[in-house]
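Reader: I'd like to learn how to read a structure like this one, feature by feature. Could you walk me through it?

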Amino acid sequence: MPDAVRIPITGTVTDENGEAIPGATVLVEGTSTGTATDIDGKFSLDADEGAVLLISFIGYQSQRITVGNQSSLSITLLEDQSSLEEVVVVGYGTQKKADITGSVASVSEELLQSRPVANFEDALQGRASGVQVRQTGGDLDGKFSINIRGIGSVTGSNDPLIVVDGVPLFSSDFSTINPKDITAIDILKDASATAIYGARAANGVVIITTKKGQAGKTQFTFNTDIGVEEIVRRFDLMSSQEQRELFVEAFKNSNRNISVYDDPNHPAWQVDTDWQELGTRTGVRQNYNLGFSGGSEKTQFSGSVSYLDRKGTLVNSDLKTWFLRLNVSSEINKLLKVSTNMTGSHQKQNLQNNDNWGSTGYRSLAFEHSYTPAYDENGNLTAIDNQAAPYFGANNNPLIDLLMPAREQDVTRLMGNTKFDFTPLDDLTISANIGGDVLVGSGYSYMPVYQIGIFTRPEGSVTVPNRQEINWVSDITANYEKAFNQHVFKLLAGFSAQQFVFNNSTVTGAGTVNNSLNQLSNQINFNASGTKVSSGLLSSFFRINYSYHDKLLLTGTVRRDGSSKFGPSTRFGVFPSGSIAWRVSEEEFLKSSNFLDDLKIRTSYGLTGNQEIGDFAFLTRAASTPYVFGNSLVIGNSPQNIGNPFLQWESTKQFDAGVDMSFIDGRIYATADYYNRVSQDLLVASPIPLTAGVAQEPIVNLGSVLNSGFEFSINSRNTVGKIAWSTNFNISFNKNEVLDIGENSIGESLEIPGQNIPLSNQPANLSRAGHPVGAFYMWQFDGVWQLGEEDEASSWSGAVPGDPKYKDLNGNGVFDVGDKTFVGNPHPRYFGGIDNSFSYKNFNLSVFFDFAGGYQVYNTARNLLARGVPFVQNFAEVNGFWTPENPSTTIPRPSQGGNTTTLVTMVSDRFLETADFIRLKNLSLSYNLPQQWFAGKAIQSTKFTLTGTNLLIFTNYTGLDPEASSRTSLLSSGIDYTPYPQTRLVSLSAQVTF
């Protein structure tokens with residue numbers, strides 16, 4: 001054959017208005033030859049006669065042009081109106097966005113990959129309306145909670161169902177899923193969208209799709225990012241001299257000896273150790289990812305290998321994760337297609353103990369006194385060698401517990417599925433899917449032998465936990481689609497079976513006196529515990545979609561689930577839903593509109609379920625109960641709970657009304673929804689008296705919770721051409737209210753308190769009808785008692801001037817529980833995010849803010865370290881404490897013990913803070929090297945990106961993080977026990993495609 005004729009081609013790329021489009025890509029399809037248009041929209045390259053040029057630019061429809069004998073081209077790109085044609089993943093299938101009748105939010109690959117993240121939850125934060133992703137700690141593997149349309153369950157789980165490539169997950173170790181592998185996340189929010197998942201869909205569904213291969217030349221993409229992390233905020237603590245002055249005043253008020261504390265020249269006060277500086281460091285993050293994809297017309301593949309290495313900002317904490325993925329799809333013949341998705345990961349982590357009242361992690365760096373040294377003259381850890389004054393109270397060296405113990409955790413995960421699609425008829429596809437998710441976790445902790453000063457551990461101990469989680473699922477579905485005249489029917493019927501197996505054990509051994517003998521086998525005293533449980537789901541489901549003339553859309557869904565978590569008489573539940581949509585824009589009176597592209601009004605109603613409680617709660621289970629018989633300890637058994645054979649599904653009824661709009665040739669797309677969601681037959685752990693003789697509270701179906709709210713999102717391309725500017729904005733409002741929580745035996749409404757705050761042993765939360773779940777319920781701080789109020793203060797609670805004062809709400813003149821009241825809400829009333837993206841030539845700039853407001857957080861660090869009690873290091877805010885000479889303050893007088901200390905420790909709104917915030921979550925600047933640099937070379941494109949994460953936060957909250965919520969139970973929401981600190985990340989990344 002003669003050689004192909006090479007033709008030099010020049011051209012200009014413009015928009016519909018004739019404006020030049022700089023930076024448009026012109027690529028010879030199937031090759032690495034390409035270029036980009038200059039500032040005037042012009043380009044030039046050589047191509048073979050008959051080759052196809054692919055011209056593309058963000059926000060415009062791509063064009064393909066076959067090279068003929070012409071040497072000059074004039075190309076006009078049309079604005080992309082394809083958002084309505086986008087395919088959205090729904091349960092057991094896909095739909096065009098224009099045809100959806102339910103409430104579904106989608107987050108694209110571009111947004112998911114816009115910054116380095118800990119896991120996919122991190123990438124979702126602030127990106128979708130109605131989806132609150134709360135980062136409750138800065139843990140290296142990510143600590144997040146996802147709530148879709150509020151809090152529906154009181155003591156059951158409020159986590160949405162997570163589905164990855166058709167496999168509904170059981171484990172929540174989401175950091176073992178590589179966010180670099182994700183191409184899209186779709187969030188199903190209303191009953192119409194979620195009912196296909198029935199029993200597990202009451203809290204919404206998050207569907208994750210990983211990258212798939214495409215036919216064509218094999219392409220490799222290498223991504224790397226390297227960055228440094230610093231703690232965003234630190235505690236503001238007293239200096240040693242300020243702490244000395246606090247001691248003097250507190251000991252005076254408590255009638256203690258102040259002689260040593262009153263001497264500013266004592267050697268102890270010359271030491272001022274900054275424990276926060278010594279216990280932290282600059283973190284380093286490195287991520288390397290190699291992706292590849294390609295294939296033929298019949299077989300396509302996609303895969304990746306990845307490595308993540310994070311050195312934590314807390315000393316002796318780090319994380320390493322290895323990822324591997326391979327997806328293959330093959331058309332065996334015209335009737336059969338087979339696709340397989342496989343993902344593996346291995347994670348190693350060194351942990352620190354955070355997020356508790358007395359944790360030895362970051363909180364200990366604020367808790368311990370600053371006037372004790374950290375290291376001796378030889379650089380070894382040191383500590384005080386006596387407890388004589390002034391070494392009173394918290395004088396440990398916190399670095400001992402940060403640096404000496406080993407706390408290791410390993411997690412290995414293998415997840416995947418194989419799907420067979422059989423198409424015996426053009427209109428019928430029968431699919432069989434089998435998948436699994438296997439997670440194996442192990443740990444190792446060693447508490448070493450040491451004697452440093454007066455602090456000692458005479459024998460070491462080893463703890464080895466192990467867990468195994470196995471989740472398998474099999475589905476078979478039939479999809480039938482038929483169109484005639486203006487009618488389109490789509491039918492889905494299916495059957496699903498899923499089983500979960502959870503196996504865990506923990507062995508602790510103690511007795512070693514030599515730190516070299518730090519293995520379990522070296523110990524002499526042992527204690528072990530373990531559990532193995534298995535549960536399952538058996539389900540059938542049906543869905544019908546009907547479209548008339550592309551303007552009237554109907555969807556009906558029903559699913560029947562059977563769960564082993566419930567007794568035989570209540571095991572099965574039926575969850576139906578229905579929705580209708582009217583595409584008004586398809587009516588004749590709007591079809592000719594040049595402004596409105598699409599207008600769809602939709603509404604839905606349906607029922608979904610929640611089964612997320614412990615396994616076999618309907619049975620009375622036995623627990624090991626040692627007892628003394630004669631002179632021997634005998635192992636026996638006794639009931640650990642009271643079974644409830646009538647336990648049934650927690651169900652959620654949800655109404656949704658929404659509108660989807662598209663304007664100006666697709667440049668503006670907006671959606672708005674109102675929802676009303678009532679969760680009933682709540683799975684509640686009902687309090688029982690100790691005389692019941694069982695350790696666990698029984699699970700019963702009681703009461704209901706309402707969530708209602710409004711969601712709005714808008715995506716707009718504000719400008720196009722040389723400077724392109726687009727905006728994505730979303731905001732959500734939610735009201736949470738307990739409607740009913742049952743009654744006790746004498747007809748009084750039940751109320752469920754949260755967990756007690758240590759020291760005062762009082763809860764900060766209370767769930768009661770008419771208020772949000774876990775609402776803050778406590779005393780109201782009313783300043784301090786003043787001189788001249790001695791008699792009133794004494795009769796009220798034995799107080800004296802300078803002591804804290806609380807509002808006497810019941811008016812009886814006495815400080816008692818009747819003075820408590822509801823003072824706040826731990827759940828944001830509104831939240832959202834706004835992302836502005838700009839592009840000019842080869843530069844791209846993205847600025848992303850997220851925000852939340854209308855909620856409070858209880859700051860337990862202040863409840864401990866802002867009381868004016870010098871036993872512990874105090875926050876600097878206490879420097880303004882009350883004295884007769886400084887009466888104009890709200891900070892109570894210092895004390896050490898006695899009634900003043902008791903009063904100042906009470907759980908009150910003095911330590912409850914408004915946590916509203918606006919945060920610059922991400923700022924990134926990218927530069928694409930000019931395409932002409934790579935013409936005819938192996939490398940096709942290169943992009944560099946400078947990214948800053950958590951750069952700024954605007955909030956009045958004085959703790960480390962306004963989103964902190966340390967307890968998994970929503971009955972104790974909004975309690976900040978100082979989690980792993982949030983970090984500020986600055987990173988440089990490179991992406992090379994070849």
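Author: Sure. Keep in mind that this is a predicted model. Let's start with a sheet: β51, β50 and β54 form an open sheet of three strands, in the order β51-β50-β54, with mixed pairing.

Reader: Which strands stand at the edges, each with a single partner strand?

Author: Those are β51 (912-914) and β54 (975-976); each has a single partner strand, so one side of each is left without a neighbour in the sheet. Strand β50 (residues 856-859) pairs with β54 in the parallel sense, over two bridges. If you want a residue pair to look at, asparagine 859 stands opposite aspartate 976 in β54.

Reader: And where do I find an open sheet with antiparallel pairing?

Author: Try the one with four strands in the order β40-β43-β44-β47, where the pairing is antiparallel. Its edge strands are β40 (752-753) and β47 (821-824), each pairing on one side only. Inside that order, strand β43 (residues 765-767) and strand β44 (residues 775-778) pair over two bridges in the antiparallel sense. Asparagine 765 has phenylalanine 776 in β44 as its bridge partner.

Reader: How many bridges do β28 and β29 have between them?

Author: β28 and β29 pair in the antiparallel sense over 12 bridges. One place to check is leucine 537, which stands opposite serine 563 in β29. Then β29 also pairs with strand β30 (residues 572-583), again in the antiparallel sense, over 11 bridges. There, threonine 555 has serine 579 of β30 as its bridge partner.

Reader: How should I read backbone torsions?

Author: The general idea: most residues other than glycine have a negative phi, and most peptide bonds are trans. So look for what departs from that. In the hairpin of β28 and β29, three residues lie between the strands, and histidine 549 takes a positive phi near 60 degrees. Aspartate 550 has a phi near 60 degrees too, a positive value in a residue other than glycine. Aspartate 550 sits in the loop between β28 (525-548) and β29 (552-563).

Reader: Is aspartate 550 buried, or is it partly exposed?

Author: Partly exposed, because its relative accessibility is 41%. Another case is aspartate 681, with a positive phi near 50 degrees. Aspartate 681 is in the loop between β35 (668-680) and β36 (683-685), and at 29% relative accessible area it is partly exposed.

Reader: Which peptide bond is cis?

Author: Look at the bond from alanine 389 to proline 390, which is cis with omega near 10 degrees. Proline 390 lies in the loop between α6 (364-367) and α7 (398-403).

Reader: What about burial? Why does glutamine 95 count as buried?

Author: The cut-off for buried is under 20% relative accessible area. Glutamine 95 has 13%, so it is buried. Glutamine 95 belongs to strand β9 (residues 93-96). Leaving out residues up to four places away in sequence, glutamine 95 touches Glu86, Val87, Val88, Val90, Ile100 and Asn545.

Reader: And for a helix?

Author: An α-helix has 3.6 residues a turn, so residues three or four places apart point the same way. In helix α11 (residues 898-905), the buried residues are Thr900, Thr901, Leu903, Val904 and Thr905. The buried residues of α11 pack against α9 (790-797), β46 (804-806) and α10 (860-865).

Reader: How do I look for internal voids?

Author: Rolling a probe the size of a water molecule over the atoms shows where empty space is left. Here the count comes to 11 cavities of 30 Å³ or more. The largest cavity has a volume of about 190 Å³. Its lining has 20 residues, and Asp122, Gln135, Glu229, Arg310 and Thr983 lie nearest its centre. The elements giving two or more residues to the lining of the largest cavity are β53 (941-955) and β55 (983-993).

Reader: What is the class make-up of the lining of the largest cavity?

Author: By class, six lining residues are nonpolar, seven are polar and seven are charged.

Reader: Let's zoom out to the whole chain.

Author: The chain has 11 helices and 55 strands. Of its 994 residues, 54% count as buried. The C-alpha atoms fill a box of roughly 105 × 65 × 65 Å along the principal axes. For 994 residues, a compact globule would have a radius of gyration near 30 Å, and the chain's 32 Å agrees with that. Among contacts with a separation of 6 or more, 69% come from residues 24 or more positions apart.

Terms used: Residues are numbered from 1 along each chain as its sequence is written. This is a predicted model: local features need pLDDT of at least 70, side-chain atom pairs count only at pLDDT 80 or more; totals for chains, interfaces and linings use all residues. Side-chain values use heavy atoms; hydrogens and water are left out. Two strands pair if DSSP finds at least two bridges between them. Buried means under 20% relative accessible area, exposed over 50%, partly exposed in between (1.4 Å probe, protein chains only). On a 1 Å grid over the protein atoms alone, a cavity is a set of points where a 1.4 Å probe fits but cannot get out, and a pocket is an open set with protein on both sides within 12 Å along at least five of seven lines; lining residues have an atom within 4 Å of a point. Grid points are joined across faces, edges and corners, and a volume is the space filled by probe spheres set on the points. Ala, Val, Leu, Ile, Met, Phe, Trp, Tyr, Cys and Pro count as nonpolar, Asp, Glu, Lys and Arg as charged, and the others, Gly among them, as polar. The radius of gyration is taken over C-alpha atoms; the globule rule is 2.2 Å times the number of residues to the power 0.38. Contact means heavy atoms within 4.5 Å.
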